[in-house]
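The following paragraphs lead the reader through one structure, part by part. Please keep the sequence and the three-dimensional view at hand while reading.

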Amino acid sequence: AIAAAAVNLHFVMRYVGLAHTGRIALALYAFAALAEIVLWTGSWWVPDSASVRHGVFLGSSIQHVSARPTALGLLCYSFTALELLVSQILMFRAYRAGKRDALYGCIGVLFVAGAVCNDILLVTRSVDDTVYLLPHAFMIYAAGVATSLFFRYRVAAGELEQVETTLRETTEELRHSHAELRVLQDELVRKRELAAGG
C-alpha cells in the first residue's frame, strides 16, 4: 500500500501532463522507501500494542489484528492520505479541463480514499465492526483506470481514423491537381510550338 500510493500519484501526474513529474516522483518514491524502512524496523507501531480484536460485519463474526501507530506511523499515514487527496484533485481538475475519461479515475480514487479511511480507523482501534477494504478498493480503482485508458484509446483510434480519411482525401485532391497541372503544361507547350511555328 505504501508503494501503491506513490505509484498511483506518479501515474496521475503523468496522466494529467503535470510538469516536473520526474522530480516529484523521485521524492514520492524516496518517501515510500523511508516509510518501508520505518515499517520493517518496527518503528511504525507502538511496541506491544498489537492485539486481535473481534467484531461483527454483515452478520458474520470477524477478527482482525490492530495496533497503535507511532508518530512516524501517523506521519506515513498522513502522507499517504495526502497523496490520495492530491491524486483526486488532479483527476478532478483533468475532468473539469475536458478529459472526460478522467471521471472513471476520480470515482476509483474516491473508493480508495474511503477504504483508506476505513482501514486506518480499523487498525487504530477506532472501529471494530468492519473489514479491511483497501485491496478491494484498489481493484475498483484499477478497473476505473483501465476503463479510462480504454476510453482514451478509443478516442485516439477514432482521431487516427479521421486523420487517415483526411489524408486520403488530400492525397486524391493532390493527384487531381497534378493531373490538371500536367494538362495545362501540355497545352502551354503546344501553344508555344504553334507560336514558334507562326
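A useful place to begin is Val-112. Beyond its neighbours within four places in sequence, this residue is in contact with Leu-84, Leu-134, Ala-137, Phe-138 and Tyr-141. Val-112 and Tyr-141 also belong to the largest nonpolar core, a set of 29 residues in which these two, together with Met-13 and Trp-44, touch the most other members. At least two residues of this core come from each of helix H1 (2-16), helix H2 (21-40), helix H3 (71-96), helix H4 (102-123) and helix H5 (134-197). The greatest contribution is that of H4, which provides 7 residues.

The model is a predicted one, and its confidence deserves attention. The mean pLDDT of the protein is 82, and 100% of the residues reach at least 70. Confidence is highest in H2, with a mean of 89, and lowest in E1, with a mean of 74.

The pairing of H1 and H2 can be considered next. Their axes approach within 9 Å and cross at roughly 175°. Because angles over 145 degrees count as roughly antiparallel, H1 and H2 are roughly antiparallel to each other. Residues of H1 that make the contact include Ile-2, Val-7, Leu-9 and Met-13, while those of H2 include Ile-24, Leu-28, Tyr-29 and Leu-39.

There remains the strand pair. Strand E1 (residues 51-57) and strand E2 (residues 60-66) run antiparallel and are joined by 7 bridges. Within this pairing, Val-56 has Ser-61 of E2 as its bridge partner. The two strands form a hairpin with 2 residues between them, and in the turn Leu-58 has a positive phi of about 50°.

Technical notes:
Residues numbered from 1 in each chain as written. Predicted model: local features only at pLDDT ≥ 70, side-chain atom pairs only at ≥ 80, totals over all residues. Heavy atoms only, no water. Pairing = 2+ DSSP bridges. Helix = DSSP H or I, 4+ residues; strand = E, 2+ residues; numbered from the N terminus. Core = buried A, V, L, I, M, F, W, Y, C linked by side-chain atoms within 4.5 Å. Buried < 20%, exposed > 50% of the residue type's maximum accessible area, 1.4 Å probe, protein only. Contact = heavy atoms within 4.5 Å. pLDDT = per-residue confidence, 0-100. Axes fitted to C-alpha atoms, helices over the stretch in contact; angles between N-to-C directions. Parallel < 35°, antiparallel > 145°, perpendicular 65-115°, else oblique.
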